[in-house]
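Good morning, and thank you for the time. I should like to take you through one chain, from its overall form down to a few individual residues.

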Amino acid sequence: SHWSCLSPARIHVLGQAAGLECDEERLIPFALDFHEWLSRSSRGADAAELIMSCLAERTAGTPSFRVVERGESGRLELLYSLTRWRRP
């Protein structure tokens with residue numbers, strides 16, 4: 001969801017706990033205009049301070065949810081994990 005993201009490691013733990021085997025996994029990078037994305041959020045500009053605080057406090061080396069500023073604009077870099085599971 002928008003406020004809680006599971007890491008690939010956590011997804012694997014949950015899949016294995018459900019008795020599934022990972023068949024395929026892909027990490028898919030993409031980027032969005034940060035300010036446009038922020039304006040579409042459920043709280044809009046009211047959430048900007050909270051979101052910026054969370055982004056600033058993210059774990060070092062985290063490749064996703066990173067804002068790259070370019071003058072007046074910014075790009076939100078995301079990384080989706082797509083995992084296919086099978087029953088053994």
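I shall begin with the fold as a whole and then turn to four residues.

Please keep in mind throughout that this is a predicted model. The chain contains three helices and three strands. Going along the sequence, these elements come in the order α-β-α-α-β-β. The radius of gyration is 16 Å, well over the 12 Å that the globule rule gives for 88 residues, so the chain is more spread out than a compact globule. Along the principal axes, the C-alpha atoms occupy a box of roughly 50 × 25 × 20 Å.

How many of the 88 residues count as buried? The figure is 17% of the chain. The exposed surface comes to about 6700 Å², and carbon and sulfur atoms account for 55% of that area. As for contacts between residues at least 6 apart in sequence, 64% of them link residues at least 24 apart. On charge, there are 11 positive and 12 negative side chains, with the centres of the two sets 7 Å apart.

Let me now move to individual residues, beginning with the helices. His12 sits in helix α1, which covers residues 8-17. Is His12 buried or exposed? With a relative accessibility of 19%, His12 counts as buried, because the cut-off for that class is under 20%. Beyond the residues up to four places away in sequence, His12 touches Cys22, Glu25 and Trp85. With Glu25, there is also a polar contact between the two side chains, at 3.2 Å.

The second helical residue is Leu38, which belongs to helix α2, residues 34-40. Leu38 is buried as well, at 10% relative accessibility. Its C-alpha atom lies 7.0 Å from that of Ala48, a residue 10 places away along the chain.

I turn next to strand β3, which spans residues 73-86 and includes Arg84. Glu77 is found in strand β3 too.

Glu77 has a relative accessibility of 14% and therefore counts as buried. Which side chains make polar contacts with that of Glu77? One is Arg66, at 2.4 Å. Another is Arg75, and here the contact is likewise given as 2.4 Å. Setting aside neighbours within four places in sequence, Glu77 is in contact with Phe30, Ala31, Ser64, Phe65, Arg66 and Val68. Arg66 thus appears both in this list of contacts and as a polar partner of the Glu77 side chain.

Arg84 presents another case: its relative accessible area is 40%, and it is classed as partly exposed. What does Arg84 touch, apart from residues up to four places away in sequence? The answer is Glu21, Cys22, Asp23 and Glu24. With Asp23, the side chain of Arg84 forms a side-chain polar contact of 2.6 Å. Cys22, which is touched by Arg84, is also touched by His12 of helix α1. By contrast, the C-alpha atoms of Arg84 and Ile51 are separated by 30 Å, with their positions 33 residues apart along the chain.

To draw this together, we have a predicted chain with three helices and three strands, in which 17% of residues count as buried. Among the residues discussed, Glu77 is buried and its side chain is joined by a polar contact to Arg66, while Arg84 is partly exposed and its side chain makes a polar contact with Asp23. Thank you for your attention.

Conventions
Residues numbered from 1 in each chain as written. Predicted model: local features only at pLDDT ≥ 70, side-chain atom pairs only at ≥ 80, totals over all residues. Heavy atoms only, no water. Helix = DSSP H or I, 4+ residues; strand = E, 2+ residues; numbered from the N terminus. Rg over C-alpha atoms; globule rule 2.2 N^0.38 Å. Buried < 20%, exposed > 50% of the residue type's maximum accessible area, 1.4 Å probe, protein only. Contact = heavy atoms within 4.5 Å. Areas by Shrake-Rupley, 256 points an atom, 1.4 Å probe, with all protein chains shown as cover. Lys, Arg positive; Asp, Glu negative; His and termini not counted. Charge placed at Lys NZ, Arg CZ, Asp CG, Glu CD. Polar contact = N/O pair within 3.5 Å; in protein donor to acceptor, adjacent residues only side chain to side chain.
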